[in-house]
Amino acid sequence: MIENDTIELLKECGSGVEMAVKSLDEVLDVVKNQELKKMLEESKNEHEKIGIQIEELLKKYDREPKELSPMAKAMSWTKINMKIMADKEDSTVADIMTDGCAMGIKTLCGYKNEYKHADSESAGIAEKLIKIEDELVYRLRAFL
């Protein structure tokens, strides 16, 4: 049970990281404020580092990261791009990213509870991602 929960939690964390990186990539070209841009780039880098860590841990179990569903990718892309088309302001980007972080936190907390038998390293990765998202939401408030 521990191994299965560990693998599943890692896969879900990896999927969340991929969604975060894709979303950040979608908005970075639109951001005008250099402080906001730097903040988002730092978040992207943090997510990418954790993504590498997740992939390495999954390799120990001879598993591959979970692929994002095409529907999730399409829905995210559509939501982000429709909002940006309507309003290219930094406040719109901050709003989009705040919503994404809230969804990420909610989802990761749910998976952390669902896969409660995951090993401490994997649970720690989930907690770290939650903390990164939470801190980003806090910092984004200045741009809303």
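The buried residues of helix H5 are covered by several parts of the chain, among them helix H1 (2-28), helix H2 (34-60) and helix H4 (90-114), and I should say at once that we are looking at a predicted model. Which residues of H5 are the buried ones? They are Ser 122, Ile 125, Ala 126, Leu 129, Ile 130, Ile 132, Glu 133, Leu 136, Val 137 and Leu 140. These residues cover an arc of only 155° around the axis, and that puts them on the same side of H5. If you wonder how positions spread along a sequence can share a side, recall that an α-helix has 3.6 residues a turn, so residues three or four places apart point the same way. The face of H5 turned away from this buried side carries the exposed residues Ser 120, Lys 131 and Tyr 138.

We can also check the length of H5, which runs over residues 120-140. At 1.5 Å a residue, its 21 residues should span 30 Å, and since the end C-alpha atoms are 30 Å apart, the expectation and the model agree.

Let me turn to H2, one of the helices covering H5. How do the axes of H2 and H5 lie relative to each other? They come within 11 Å and cross at roughly 170°; because angles over 145 degrees count as roughly antiparallel, H2 and H5 are therefore roughly antiparallel to each other. On the H2 side the contact is made by residues including Leu 36, Leu 40, Ser 43, His 47, Ile 50, Ile 54 and Leu 57, and on the H5 side by residues including Ile 125, Leu 129, Ile 132, Glu 133, Leu 136 and Leu 140.

The same length check can be made for H2, where 27 residues at 1.5 Å a residue should span 39 Å, while the end C-alpha atoms are 40 Å apart, which agrees. The buried residues of H2 are Leu 36, Lys 37, Met 39, Leu 40, Ser 43, Lys 44, His 47, Ile 50, Gly 51, Ile 54, Leu 57 and Leu 58, and what covers them includes H1, H4 and H5.

Now please find Val 17, which is found in helix H1. Is Val 17 buried or exposed? With a relative accessibility of 5%, Val 17 counts as buried. Leaving aside neighbours within four places in sequence, Val 17 is in contact with His 47, Ile 50, Gly 51, Ile 54 and Leu 129. Of these, Leu 129 is 112 residues away along the chain, yet the C-alpha atoms of Val 17 and Leu 129 are separated by 8.2 Å.

H1 also meets H4, and the axes of these two helices come within 10 Å and cross at roughly 175°, which makes H1 roughly antiparallel to H4. In this meeting, the H1 residues include Asp 5, Leu 9, Cys 13, Leu 24 and Val 27, and the H4 residues include Val 93, Met 97, Leu 108 and Tyr 111.

Tyr 111 brings us to the aromatic rings, for the structure holds one aromatic pair. The rings of Tyr 111 and Tyr 115 have their centres 6.1 Å apart and their planes at 10°, so the pair is stacked. Tyr 111 is partly exposed, with a relative accessible area of 23%, whereas Tyr 115, at 12% relative accessibility, counts as buried; the cut-off that divides them is 20% relative accessible area.

Helix H3 (residues 70-86) has not come up so far, and from it I choose Ala 72. Ala 72 has a relative accessibility of 26% and counts as partly exposed, and although Ala 72 and Met 19 are 53 residues apart along the chain, their C-alpha atoms are separated by 8.5 Å.

I will finish with two residues in loops. Asp 62 lies in the loop between H2 and H3, and at 71% relative accessibility this residue counts as exposed. Phi of Asp 62 is near 60°, a positive value in a residue other than glycine. The other residue is Asp 119, whose place is in the loop between H4 and H5 and which, at 22% relative accessibility, counts as partly exposed. What does Asp 119 touch, not counting residues up to four places away in sequence? The residues are Ile 2, Thr 6 and Tyr 61. Asp 119 and Asp 90, by contrast, are 29 residues apart along the chain, and their C-alpha atoms are separated by 39 Å.

Conventions:
Residues numbered from 1 in each chain as written. Predicted model: local features only at pLDDT ≥ 70, side-chain atom pairs only at ≥ 80, totals over all residues. Heavy atoms only, no water. Phe/Tyr/Trp six-rings, centres within 6.5 Å; stacked < 30°, edge-to-face > 60°. Buried < 20%, exposed > 50% of the residue type's maximum accessible area, 1.4 Å probe, protein only. Helix = DSSP H or I, 4+ residues; strand = E, 2+ residues; numbered from the N terminus. Expected span 1.5 Å × (residues − 1). Arc of directions from axis to C-beta. Contact = heavy atoms within 4.5 Å. Axes fitted to C-alpha atoms, helices over the stretch in contact; angles between N-to-C directions. Parallel < 35°, antiparallel > 145°, perpendicular 65-115°, else oblique.
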